[in-house]
Amino acid sequence: MERKKAWIDLATFFAVVLVANLISFQLYFRLDFTEDKQYTLSRATRDVLEDLDGIITVKAYFSEGLPPNLLKIRRDFADLLIEYEDRSDAALVYEFINPNESDEAEREAQREGINPVLVNVRKRDKVEQIRGYMGAVLYQENNRETIPYVRPGSSMEYTLTTSIKKLIIQDKPRVAFLQGYGEAPLEHLSDLSNHLSVLYELIPFSLTDSVSLSVDRYKAVVWIAPKDTIDTPDFEKVNLYLQGGGNLFVAYNTLYGNMGTASLEKAPDIGLASWLGTLGIRLGREFITDASCSPVTVTQRQGPFLVNTQVEFPYFPIIKSFGEHPIVKGLESVFLPFASSVSLSRRDSTWQVDNLLLTSELTGAVAAPAPMNVQKEWTKDDFNVGVQPVALAIEGRIREGTDDPLSRLVLVSNGNFAVNGDPAQQGGRPQKLNPDNVNLAVNSIDWLADDTGLIDLRTKGVTSRPIKDLEEGQKKLLKWTNVLLPVFLVLAYAFLRRQRRLYWRRRWLES
């Protein structure tokens, strides 16, 4: 009887496990406890998958036998594809291929544009290099989109969803980059244009031509770092575009820091600051200095030697405080050298105004022109103006009291924060930018030109967690706490254990 009951219990257990597996196969889900819901599909992705017309096939070329940190990328990518397949009702199907299993598979991966990377693996107590593959190709009918490399730390969801959208999109929205007055050309904006070209058609637009800016033709207009005096009729072109419901991104500063002459100067008056004033937007005339800043390298003489040292340079603020807005969601730090404050000179009841970038509480202001002392000893008294906004997002009607369509405008008080510069003058390589500088610019243009919600995906996933700035006293307290606390805990444990043993020994002797 007991034996029969044991067999029944065992059969019941396996039946429960089988049913649970069948249910979980049909109702796939994951519990996501990450801060930014890294493992939960966004609304933008769900919308794209639910609207798929036709089958999309994904071939994922991932090597096996990779180190654990890279194998995790493969598992995460596989889990993501499972969710995409489930959400799309099998309109997206996938397969995994190991290019290292045969020469033909490796040649196929390379033909598809999947590039190998050299990976160090340990085999039999030896470190060997293998060619690892971590990429994918998406197909729909005769169209193809390649993800050459799934980069560790990147947002896989953004990469995959934008690849799908690029595959199925019929006509890309157009974004105009204004030219004609010394603005940064597209070839000097390589990081920005590489990101935007996935979903948009980027078109240089010369303001000096007779053609007007059309809201129907351009979803957004980008104006970055103009340097020459702008003619009044060309401002009128931009006014008419905004009055028709157009969207404008402006990156411009009225100040200039000359590192060669160590001087702080006013930029030439080209009319842009005055034109922004007619819209009710004021660009500050003083340099922002911030205790939260990037260092610069200074060459100092120590005896007969020249030594390079790093010194804090408050004219190079590192912005770590952000407003509540989709543009800055997920950003960690933005590098904004030689910036000024931005504010409103008038308030319109129809405007929705958001501060995007905010300096720290230890912020100061320096009027130009002035000398630039790199070796200055900065004190708290130098940072006495409090938190300052250095970028704004505005949504509303440009003209008060009218029935104009709503338009959007983003202003950043630095014209070069997203400019890579001329590669020909930099040894053929564009200047390396802080990643969040590019994310800020791309997110801004997404907010202006795209209503699909993909803006939330680009910065999904933590890219960095910089240590908070601490006072010297707090640093010492934490240092000695880390040193002494473990010793104290060990001694306390030893003391309590000894007291307990003495107690039980005394009880034993008394008995």
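## Ser343 and its surroundings

At a relative accessibility of 27%, Ser343 counts as partly exposed, because that class lies between the limits of 20% for buried and 50% for exposed residues. The model in which this serine is described is a predicted one. Ser343 belongs to strand E19, which spans residues 342-344.

When residues up to four places away in sequence are not counted, Ser343 touches Gly280, Ile281, Arg282 and Leu392. A further position to locate relative to this serine is Asn355, 12 residues apart from Ser343 along the chain. The C-alpha atoms of Ser343 and Asn355 are separated by 9.2 Å.

## Overall composition

The protein contains 11 helices and 24 strands. Of its 511 residues, 44% are buried. The exposed area of the protein is about 29,100 Å², and carbon and sulfur atoms supply 53% of that area.

Contacts in the protein can also be described by sequence separation. Among those between residues at least 6 apart in sequence, 72% join residues at least 24 apart.

## Packing of H3 against H5

Helix H3 covers residues 68-87 and helix H5 covers residues 156-168. The two pack at an angle of about 50°, and their axes are 11 Å apart. H3 and H5 are therefore oblique to each other. The crossing in which H3 passes H5 is right-handed.

On the H3 side, the contact involves Ile73, Asp76, Phe77, Leu80, Leu81 and Tyr84; on the H5 side, Met156, Glu157, Leu160, Thr161 and Ile164 take part. By class, the residues of this contact of H3 with H5 comprise eight nonpolar, one polar and two charged.

## Packing of H2 against H5

H5 also packs with helix H2, which is formed by residues 43-50. Here the angle is about 35° and the axes lie 10 Å apart. H2 passes H5 in a left-handed crossing.

Thr45, Val48 and Leu49 of H2 meet Glu157, Thr161, Ile164 and Ile168 of H5. The contact of H2 with H5 divides into four nonpolar, two polar and one charged residues.

## H5 residues in the two contacts

Glu157, Thr161 and Ile164 of H5 appear in the contact with H3 and also in the contact with H2. Met156 and Leu160 are among the H5 residues that meet H3, while Ile168 is among those that meet H2.

Conventions:
Residues are numbered from 1 along each chain as its sequence is written. This is a predicted model: local features need pLDDT of at least 70, side-chain atom pairs count only at pLDDT 80 or more; totals for chains, interfaces and linings use all residues. Side-chain values use heavy atoms; hydrogens and water are left out. Axes are lines fitted to C-alpha atoms, for helices over the stretch in contact, and angles run from 0 to 180 degrees between N-to-C directions. Helices (H or I, at least four residues) and strands (E, at least two) are DSSP runs, numbered from the N terminus. Angles under 35 degrees count as roughly parallel, over 145 as roughly antiparallel, 65 to 115 as roughly perpendicular and the rest as oblique. A crossing is left-handed if the near helix is turned anticlockwise from the far one by less than a right angle, and right-handed if clockwise. Contact means heavy atoms within 4.5 Å. Ala, Val, Leu, Ile, Met, Phe, Trp, Tyr, Cys and Pro count as nonpolar, Asp, Glu, Lys and Arg as charged, and the others, Gly among them, as polar. Buried means under 20% relative accessible area, exposed over 50%, partly exposed in between (1.4 Å probe, protein chains only). Accessible areas come from the Shrake-Rupley method with a 1.4 Å probe; for residues, only the protein chains shown count as cover.
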